[in-house]
Amino acid sequence: MNVTEKLQQCIDTLEEIKKSGYWPFASPAPCSTECRIKDGINDALNGLYRAKANHELMFGRTGRDPMKCVSTKIVEK
């Protein structure tokens, strides 16, 4: 499984939690702790969406290998 697929799997898991009936998302009047849980999951989702989009910008369009870091060698003359 590549990085794009792993990021998508994380996104899918969090989206499933949101739609699963999990109490903080199902509560008609969530308490402050439930709101913080929801905020944490929503923040995580937003971060994963950004990470995936930027990963695709950097590696998807260029075809670069995301698992090999570019190296630079400084030679003193």
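1. A crossing of two helices is called left-handed if the near helix is turned anticlockwise from the far one by less than a right angle. In this predicted model, helix α1 passes helix α3 in a left-handed crossing. The points below begin with that pair of helices and then turn to individual residues.

2. Helix α1 covers residues 3–19 and helix α3 covers residues 32–60. Their axes come within 10 Å and cross at roughly 155 degrees. Because angles over 145 degrees count as roughly antiparallel, α1 is roughly antiparallel to α3.

3. Which residues bring α1 and α3 together? From α1, the contact involves V3, T4, L7, Q8, C10, I11, L14, E15, I17 and K18. These meet I41, N42, A44, L45, L48, Y49, A51, K52, H55 and E56 of α3. By character, the residues of this contact comprise 12 nonpolar, four polar and four charged.

4. L14 belongs to helix α1. Is L14 buried or exposed? Its relative accessible area is 16%, and since buried means under 20%, L14 counts as buried. With neighbours within four places in sequence left aside, L14 is in contact with I41, A44, L45 and L48. As to L48, 34 residues separate it from L14 in sequence, while the C-alpha atoms of the two are 10.0 Å apart in space.

5. On the other side of the contact, K52 lies in helix α3. K52 has a relative accessible area of 17% and is therefore buried, the limit for that class being under 20%. Not counting residues up to four places away in sequence, K52 touches T4, L7, Q8 and I11. K52 and V75 are 23 residues apart in sequence, and their C-alpha atoms are 36 Å apart in space.

6. Two further helix residues are partly exposed. Q9, in helix α1, has a relative accessibility of 43% and so counts as partly exposed. T33, placed in helix α3, has a relative accessibility of 40% and so falls in the partly exposed class as well. The class spans the values between the 20% limit for buried and the 50% limit for exposed.

7. Distances from these two residues may also be noted. The C-alpha atoms of Q9 and F25 are separated by 20 Å, with the two positions 16 residues apart along the chain counted as their spacing. For T33 and R61, the spacing is 28 residues in sequence and 41 Å in space, C-alpha to C-alpha.

8. How many aromatic pairs does a search of the whole structure find? The search finds one. The pair is formed by Y22 and F25, with 6.4 Å from centre to centre and 40 degrees between the planes. The pair is classed as tilted, because planes under 30 degrees apart count as stacked and over 60 as edge-to-face. Of its two members, Y22 has a relative accessibility of 35% and thus counts as partly exposed.

Terms used: Residues numbered from 1 in each chain as written. Predicted model: local features only at pLDDT ≥ 70, side-chain atom pairs only at ≥ 80, totals over all residues. Heavy atoms only, no water. Phe/Tyr/Trp six-rings, centres within 6.5 Å; stacked < 30°, edge-to-face > 60°. Buried < 20%, exposed > 50% of the residue type's maximum accessible area, 1.4 Å probe, protein only. Axes fitted to C-alpha atoms, helices over the stretch in contact; angles between N-to-C directions. Helix = DSSP H or I, 4+ residues; strand = E, 2+ residues; numbered from the N terminus. Parallel < 35°, antiparallel > 145°, perpendicular 65-115°, else oblique. Contact = heavy atoms within 4.5 Å. Nonpolar A, V, L, I, M, F, W, Y, C, P; charged D, E, K, R; others polar.
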